[in-house]
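This briefing concerns a predicted model. Please consult the sequence and the coordinates alongside the points that follow.

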Amino acid sequence: MPLLLAYLAVILIWSTTPLAIQWSGQQDWLVGVAGRIFISALLIIPILLFWTRQRFSLKKQDLLIYLAASLGMLGGMTPMYYAAQTMPSGWVSLLFGLTPMVTGLFAYFILHNMALTLSKYLGLLVGFIGLMVVLAPNLSWQTAAGKTLLTGLGFALLSVTFHSLSTVLVKKLNHGLPNTHIVAGAVWISSLVYLLLHPQFLIELPALPNRALSAIVYLGVFGSLIGFILYYYVLRHLDAVRLGLITLITPIIALLLGHFLNQEPLNATIWTGAGLVILGLVLFEFGHRVSRESFRLLLNRMF
């Protein structure tokens with residue numbers, strides 16, 4: 001598959017994921033996240049049997065890759081599902097917009113392939129201010145079930161941390177393992193953990209409304225299976241930080257989808273905060289390049 005097409009597909013899937021997460025977890029957020037993983041775990045089997053020709057490996061070095069990938073699913077998805085029940089889905093996407101920054105920090109300490117420049121520190125500051133513009137007026141907000149936005153914010157930041165760490169670890173450990181194998185290992189490890197947390201899944205499936213069930217199936221097929229296969233395909237060809245740039249686009253689409261499909265608030269304050277978050281991402285990633293190019297242009301005009 002062409003790299004650009006895979007990249008665009010990941011953007012589309014991740015733009016629709018926050019709203020689908022909220023819909024799928026409204027009855028029981030743990031059922032929502034576990035259900036999508038179980039679906040992916042079942043669907044990956046025929047893909048391994050009939051598509052991937054390379055034998056599934058259980059070598060120690062490959063098991064480490066599966067564990068690193070499962071950290072992104074378990075540690076990334078589980079807290080985010082809880083957080084999605086405390087805030088609009090578009091805000092979830094904004095919080096996930098911190099991923100490139102946190103990924104960059106982990107890449108600095110683990111991969112040692114990035115320098116922490118002034119523009120990166122400035123990007124972190126601007127992005128944080130943008131989030132505060134959106135979230136600060138509503139920190140005392142509480143759902144009918146007693147879940148607070150402040151608690152959800154903590155879980156969302158935990159999710160971003162685990163997802164970013166997983167991305168960098170997979171990038172560091174992967175030695176050419178097929179993307180389908182990485183996803184298979186991750187979803188089966190995650191499935192086993194969810195079964196240990198909620199063994200009732202083996203004997204009784206919960207009754208869910210049609211919208212929640214449809215969202216779980218969508219996330220199981222596209223969000224966890226196809227989305228992660230494409231994600232690791234793109235990750236294999238791009239550095240971890242540039243892959244995180246997907247979150248420059250997804251918050252805007254997610255905010256619009258949440259507004260038009262879920263009647264979520266969308267006003268000047270939210271757009272201002274979202275703009276600051278995206279500006280922070282741009283500064284974090286491209287600030288040093290803009291500075292160098294501007295300096296060169298200035299010198300050319302002067303001399």
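Within helix α5, which spans residues 99–111, the buried residues are Thr 99, Pro 100, Met 101, Thr 103, Gly 104 and Ala 107. Directly after α5 comes His 112, whose phi is positive, near 55 degrees. Further points on this predicted model are grouped below by topic.

**Nonpolar surface patch**

- Leu 42, Ile 45, Leu 49, Phe 50 and Trp 188 together form a nonpolar patch of about 580 Å² on the surface.
- Helix α2, covering residues 29–50, supplies the largest share of this patch, with 4 residues.
- Ile 45, one of the patch residues, lies in helix α2.
- The relative accessible area of Ile 45 is 35%, so this residue is classed as partly exposed, a class that lies between the limits of 20% for buried and 50% for exposed.

**Packing of α3 and α8**

- Helix α3 (residues 60–84) and helix α8 (residues 179–197) have axes that come within 8 Å of each other and cross at roughly 55 degrees.
- The two helices α3 and α8 are therefore oblique to each other.
- The α3 and α8 crossing has a right-handed sense.

**Ser 224 in α9**

- Ser 224 is located in helix α9, which runs over residues 210–237.
- Ser 224 has a relative accessibility of 0% and therefore counts as buried, the cut-off being under 20%.
- Between the C-alpha atoms of Ser 224 and Ile 37 the separation is 6.7 Å, although these residues are 187 residues apart along the chain.

Methods
Residues numbered from 1 in each chain as written. Predicted model: local features only at pLDDT ≥ 70, side-chain atom pairs only at ≥ 80, totals over all residues. Heavy atoms only, no water. Patch = residues over 30% accessible without salt bridge, like charges linked within 9 Å, V, L, I, M, F, W, Y side chains within 5 Å. Areas by Shrake-Rupley, 256 points an atom, 1.4 Å probe, with all protein chains shown as cover. Salt bridge = Lys/Arg side-chain N within 4 Å of Asp/Glu carboxyl O. Buried < 20%, exposed > 50% of the residue type's maximum accessible area, 1.4 Å probe, protein only. Axes fitted to C-alpha atoms, helices over the stretch in contact; angles between N-to-C directions. Parallel < 35°, antiparallel > 145°, perpendicular 65-115°, else oblique. Left-handed = near helix turned anticlockwise from the far one by under 90°.
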